[in-house]
Amino acid sequence: MDDVLVVAGGQAWPFYRLTSAYVCQAGRSFRDVPRMAFYTKRAIQGAAARIEHVLDHIELSHAEAARRTLSTVAHERRIGRVLAAALAGAWSEGPVKVVLLSPIDDPRTIRFDPVAHHSGTAWTMGQRYTKLARLRSARSTMDLAAS
Amino acid sequence: MINERELAVGAYYDQQVFRLQELRAAVDTAVRKELDAAGLYAPQISSRVKERDSFITKACARREDGTHKYDDPLTQVVDLVGVRIVVPLASDIPAVAYPLRVAFDVVEEVDRGNEEHVHVPGYRSLHLVVRLREDHQAVVARPQLGTDLPIEIQVRSRLQDALASFEHDIAYKAEREPSPRVRRRLVELASLLDVADRLFEELQHQAVAESGADFGAATQSWTEVDLQNLVTDIVGEGETDALPWLAELGRVLVELGFPDRAALDRESIGLQGGRRLARAVRQRRPWTPGAEIVDLLLRHRMGSGYLERRTPSSGASAHDAAVFDEELREMASVLEGHDG
């Protein structure tokens, strides 16, 4: 059974490394899987982060980022910092979905060699699902298709 | 070859020019005074007497069929004295128009761009043709100004002004009417500016709403300037936080028992080390606002007292306290030493 959600996006990977989070448009649906990985630069990058929390329809605004960041509740502070990072990046104000992930250097994040994609077309331009066991042994995305 | 009309119009101008200049100065002063009394924010006001050649060209202009555009140019050309008022946004125009209608006799009023059936964007502004009133202070003091000469007052937004200047430059430099292709592009540009004007207006409303909502009772005596100064004092010059961050910092300070800057300074909690902390935090999170740096520094300097003062309203749990302690330990290593 697939247990890793792989999302595409050149910005999502560095954003995760900085914030341990993924931000996308509100209402985007994902299957209920425990891990998330990132596809960019013609490869699935070598980290399957643990999905800790999924928060949908969060208001992305400076007011919301400030309220949460300066909260005394640790969880709120973390979300606030993610919102602040999104605002500092390419995101415009509005509702978003925030996925809190285990940090890149956290033992809960499974590391593996990046899985290269050699085809002329992108492996995914949105999201795809795969198995962690296959990611850990695959040399290329061709190996992910094997049964 | 100079014709009779040109001679007559030129002679009229020469005869009136000093009166026109006096009238311009009087109207300019009157407009500024009226708008100032109305408490209007930052309109740009300029005025001029039409140039002699420009007046003659306009007064002698002909239609395509060769007939004169103006049957009686001396009364029909109404912009010999002109005042231009540029306001920030198109939505500011009505506020400016009202005191002018009260102060002058309005002979004609054209709301260009808002006429019925207008479906093509283009130059939009309010044009008032006015005359001084007999009882106007300037006329009473200098009766020679008279009340017979018309004055044109144009009111337009900054973006409309930019478009009008651009259109004028194109026509002036090309020395002929713009081609249909250029006119089409100008219409496109006008359409963009029209949208931009409305977006600026929406932004202004949003900013005002946020300002009113955020700097209310919750921040007590803290003002936006106080909070920005506090951030600058602690984190360094050049820090400019968005308003909601300052407002939230104000709320935190009030929760901590500092209703204003004096109360914070009295407590002598020692807020040095902000620059060092900012550098360390921004190595990992470059986007961190100055308000968060101040909050982190307060956490560090106040220790457990920080959570004790804030917890009643924010509900921090044992887990939050543990995370807080962990952050304090991280900050302690950063804050050993002084700002470089």
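**Helices, loops and a pocket in a two-chain model**

Thr19(A) is placed in helix H1 of chain A. The structure described here is a predicted model. Within this model, Thr19(A) has a relative accessible area of 10%, and because buried means under 20%, Thr19(A) counts as buried. The side chain of Thr19(A) makes a polar contact with the backbone nitrogen of Ala21(A), at 3.3 Å.

A second threonine of chain A, Thr69(A), belongs to helix H2, which covers residues 62-69. The relative accessibility of Thr69(A) is 0%, so this residue is classed as buried. Its side chain reaches a backbone oxygen, that of Ala65(A), at 2.6 Å. For Thr19(A), by contrast, the backbone partner is a nitrogen, in Ala21(A).

These residues may be set in the framework of the chain. Chain A contains five helices and nine strands. Along the sequence, the elements of chain A follow the pattern β-α-β-β-β-β-α-α-β-β-β-β-α-α. Chain A has 147 residues, of which 54% count as buried.

The loop between strand E3 (35-40) and strand E4 (43-44) of chain A holds Lys41(A), and Arg42(A) is found in that loop as well. The backbone angle phi of Lys41(A) is near 55°, a positive value in a residue other than glycine. Arg42(A) likewise has a positive phi, near 60°, and is a residue other than glycine. With regard to accessibility, Lys41(A) stands at 75%, and therefore counts as exposed, since the cut-off for that class is over 50%. Arg42(A) has a relative accessibility of 40%, so this residue is classed as partly exposed.

In chain B, helix H1 runs over residues 4-37 and comprises 34 residues. From the first C-alpha of this helix to the last, the span is 46 Å, close to the 50 Å expected at 1.5 Å a residue. The helix bends by about 55° at Gln16(B). The N-terminal end of H1(B) is capped by Asn3(B). In this cap, a side-chain oxygen of Asn3(B) lies 3.1 Å from the backbone nitrogen of Arg5(B).

Val9(B) has its place in helix H1 of chain B. At 3% relative accessibility, Val9(B) is under the 20% limit and therefore counts as buried. Although Val9(B) and Ile56(B) are 47 residues apart in sequence, their C-alpha atoms are 6.1 Å apart in space.

A further pair in chain B shows sequence separation alongside a stated distance in space. Pro88(B) is located in the loop between strand E2 (81-87) and helix H4 (93-103) of chain B. The relative accessible area of Pro88(B) is 15%, so this loop residue is buried. Pro88(B) and Pro43(B) are separated by 45 residues in sequence and by 7.1 Å in space, C-alpha to C-alpha.

Attention now turns to the second largest pocket. The space in this pocket amounts to about 1000 Å³. The pocket is lined by 32 residues, of which the closest to its centre are Arg81(A), Arg284(B), Arg285(B), Glu327(B) and Glu330(B). Two or more lining residues come from each of helix H1 (12-19) and helix H3 (74-88) of chain A, and from each of helix H11 (274-284) and helix H14 (318-334) of chain B. H14(B) gives the most to the lining, with seven residues. By residue class, the lining of the second largest pocket divides into 15 nonpolar, four polar and 13 charged residues.

Helix H14 of chain B also contains Met331(B). The relative accessibility of Met331(B) is 6%, a value under the 20% cut-off, and Met331(B) is therefore classed as buried. Met331(B) and Arg299(B) are 32 residues apart along the chain, and their C-alpha atoms are separated by 9.5 Å.

Methods
Residues numbered from 1 in each chain as written. Chains lettered and ligands numbered in written order. Predicted model: local features only at pLDDT ≥ 70, side-chain atom pairs only at ≥ 80, totals over all residues. Heavy atoms only, no water. Helix = DSSP H or I, 4+ residues; strand = E, 2+ residues; numbered from the N terminus. Expected span 1.5 Å × (residues − 1). Bend = angle between axes of the 7 residues up to and from the residue. Polar contact = N/O pair within 3.5 Å; in protein donor to acceptor, adjacent residues only side chain to side chain. 1 Å grid on protein atoms, 1.4 Å probe; cavity = no way out; pocket = protein on both sides within 12 Å on 5 of 7 lines; lining within 4 Å. Points joined across faces, edges and corners; volume = space filled by probe spheres on them. Nonpolar A, V, L, I, M, F, W, Y, C, P; charged D, E, K, R; others polar. Buried < 20%, exposed > 50% of the residue type's maximum accessible area, 1.4 Å probe, protein only.
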